[in-house]
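Q: I'd like a close look at one part of this model, the spot around a single loop residue between two helices, and then at how that spot ties in with the packing around it. Could you walk me through it in one go?

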Amino acid sequence: MDAEIFYVIVGAVAVAAIARWRGWPAPLLVTIVALAASFLPFVPEVDIDGHLLLNLVLPPLLYSAALDVSFVGFKRSLPQIRRLGITLVLLTAVAVGFVAWWIFPALTLPGALLLGAIVAPPDAVSAAAIGRKLGLPRRIMTVLSGESLINDATSLTLYRVFAAILAGATLTVWDGIWQFLLAVVVGVVVGLVFGVVLHQLRMRISDPVVIGTFGLLAPFGAYAIAEHLLGSGVLAVVAMGLYVGFNAPRTDYTTRQQEKPLWLSADLLLESFVFAYIGLQFPRVLRDLGSESVGHILLLSGAVLLVVLVVRPLYVYPTSAWSNFQDRRRLARMDRGIASGEFDKRREQSRRWGQYSAEELRSQIVRERMAGLQLTWKDNAVISWAGMRGVVTLATALAAADLAALDSDASHAIVVVAFIVTVATLLLQGLTLPMLIRRLGIASDIDAVEDEKALADVKEKSRAAGKAFLAEKRLEWEATHGEVDMPLFDAFTKRMTRVEKDTDEAQRVGDSANQPSYEDLVALSRGWLQVRRDILLAERDAGNLDEEVMRELLTAMDAEELALDTRGATREQGRA
């Protein structure tokens, strides 16, 4: 069995590598190839316990996704994320449950609601991959990513409640609400505790290999402990990832450089295996169908698939319209009540705001806030169609098949329906979503324009802070070394972003006794890098700079610091 899983992983990664090379959505291609390969007699049938699959795959995938999510964007889009990740999952589970009970009474109502909880949560891995490839606006990507981080917690909590009812437990609606609130509170608290501890380790341990190892183990620990305490392991991992990701810019640059490729490789490995595993379950599904009930189960599968596809847009559009209406009313009141101090703050942030009058600036602020809160009908069309199911649906279905309270017909029906819904949504929605995005003409052009404005502001502030920092250091060095030649500082001022050339040019100015040493020049470069990092963090925390843009700039600064370290090591080797 171990060898079979290894062969599946190698084959899945190879297919995913081809998809990435050709620019195709890797999850879809891996699923299609695995489906086709399942008909070959020499391809092994991989059978893994559903609980084991969730415990091994879900924590690292969720943690990696949470690290990349903008916490500022997540908080701004929380109303949409909460509606999709909690309310829509509940509504879908109930709708599917009653339809399934009507078509297949042998499931019983608790069993049908259990099936609803299983197929309710979308898996946004493939949707996010398609969105990034086609350049979806950041506001849509944030909503989809945020939904995928919390909807699994809602689904698994519902699964736990309905499984307990099937086992004979007497639970009221209030008991179910209590279990959900307990899962949320315990999960978030455990995740934040793990996040704080892991962040403190990252701040105090300079070995990136050790920190990377802790980072790999922490999601499993947070998930297991939260589940043991009857909390949501999903929310624990998500809370930890959001906290660590938000504070990552404050850690040593070597930690960030080690972490990113590590998690990219882990994501490729796990996602490839998961979607290959989904496709390879086809022989098991054929066995579970059976000749006697094939028509009945296929009818049930088609009905559940239709409900899943229809409920999402029927919920998204009305709730989004109502939310937009409420936002407009709230922001209109905010428009009238914006303090003049915010105008002064905005004008201080950048000279480009100086041309606006108070009224124009008030309207600009309101428009910006509304742009971050509201989604257009085109945005909602993409969100409505990005409901592909994935590993959580299939893994919980396999786990449900082992429940003693379900008879064989009911357990077989749940597995078959979950498989058909998962594969059908992956192929139907996954293959047509790019066409829909292109047809609607949705692109991230507005993000590029706003990013360009934000970058101009950051660069202006960086130049001002850099000059102030250099002037302060010049005074300090003159007090220590005597008069310092101005060309030395001109070299840094003119080429602040090319540290290696700066130090070369500064060294050529002179090497007299009253001049700072090479180590002093490197310290100057590091100090100026820290000034720029502080500005990025301040702009991010103030909401003036998107977190994705900040991370790109931070990566460039990390490369500058790496160049300093590499240059220093080469210099020491030359002396030796």
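A: Here is a walk through that spot, followed by the helices and cores around it and a few other residues worth a look.

Keep in mind that this is a predicted model. For the overall picture, the chain has 24 helices and zero strands. Of its 576 residues, 49% count as buried. If you take the contacts between residues at least 6 apart in sequence, 82% of them join residues at least 24 apart.

The loop residue is glutamine 281, which sits between helix H12 (253-280) and helix H13 (282-289). Is it buried or exposed? Glutamine 281 has a relative accessible area of 3%, and the cut-off for buried is under 20%, so it counts as buried. Who does it touch, once you leave aside neighbours within four places in sequence? The contacts of glutamine 281 are Val46, Leu394, Leu398 and Phe419. There is also a long-range pairing to look at: the C-alpha atoms of glutamine 281 and leucine 35 are 8.1 Å apart in space, with their positions 246 residues apart in sequence.

Two of those names, Leu394 and Leu398, come back in the packing of H12 on helix H18. H18 covers residues 391-400, and its axis comes within 10 Å of the H12 axis, crossing at roughly 55°. The two helices are therefore oblique to each other. As for handedness, H12 passes H18 in a left-handed crossing. On the H12 side the residues involved are Val274, Tyr277 and Ile278, and they meet Val391, Leu394 and Leu398 in H18. Sorted by class, that contact has six nonpolar residues, with no polar and no charged ones.

The other two threads from glutamine 281, Phe419 as a contact and leucine 35 as a distant partner in sequence, lead to the packing of helix H2 on H19. H2 runs over residues 26-37, and its axis lies 10 Å from that of H19, at an angle of about 130°. That makes this pair oblique as well. The crossing of H2 and H19 is left-handed. H2 contributes Leu28, Thr31, Ile32 and Leu35, while H19 brings Phe419, Val423, Leu426, Leu427, Gly430 and Leu431. By class, the H2 and H19 contact divides into eight nonpolar, two polar and no charged residues.

Now for the wider nonpolar packing. In soluble globular proteins, nonpolar side chains tend to be buried together. Here the largest nonpolar core has 123 residues, and the members that touch the most others are Leu107, Leu114, Ile118, Leu300, Val304 and Ile414. Helix H19 (residues 408-440) supplies the largest share of this core, 14 residues. Zoom in on leucine 114: leaving out residues up to four places away in sequence, it touches Tyr159, Phe162, Ala163, Leu166, Ala400, Leu403, Leu406 and Ile414. Apart from this core lies another, of 12 residues, including Val458, Leu537, Met550 and Leu554.

H19 also turns up in the surroundings of serine 384, through Gln429. Serine 384 is in helix H17 (residues 377-385) and, at 5% relative accessibility, counts as buried. Not counting residues up to four places away in sequence, serine 384 touches Arg312, Pro313, Val316, Tyr317 and Gln429.

Back to H12 for another link: Glu259 and Trp263 appear among the contacts of leucine 67, and both fall in the 253-280 stretch of that helix. Leucine 67 itself lies in helix H3 (residues 50-68) and counts as buried at 9% relative accessibility. Beyond its neighbours within four places in sequence, leucine 67 is also in contact with Gly241, Val244, Gly245 and Arg551. The C-alpha atoms of leucine 67 and lysine 260 are separated by 9.6 Å, although the two are 193 residues apart along the chain.

Finally, a couple of backbone oddities to check. Most residues other than glycine have a negative phi. Threonine 108 has a positive one, near 65°; this residue lies in helix H6 (residues 108-119) and is partly exposed, with a relative accessible area of 35%. Leucine 230 also has a positive phi, of about 65°. Leucine 230 is found in the loop between helix H10 (208-228) and helix H11 (233-247), and with a relative accessible area of 51% it is exposed.

Definitions and conventions
Residues numbered from 1 in each chain as written. Predicted model: local features only at pLDDT ≥ 70, side-chain atom pairs only at ≥ 80, totals over all residues. Heavy atoms only, no water. Helix = DSSP H or I, 4+ residues; strand = E, 2+ residues; numbered from the N terminus. Buried < 20%, exposed > 50% of the residue type's maximum accessible area, 1.4 Å probe, protein only. Contact = heavy atoms within 4.5 Å. Axes fitted to C-alpha atoms, helices over the stretch in contact; angles between N-to-C directions. Parallel < 35°, antiparallel > 145°, perpendicular 65-115°, else oblique. Left-handed = near helix turned anticlockwise from the far one by under 90°. Nonpolar A, V, L, I, M, F, W, Y, C, P; charged D, E, K, R; others polar. Core = buried A, V, L, I, M, F, W, Y, C linked by side-chain atoms within 4.5 Å.
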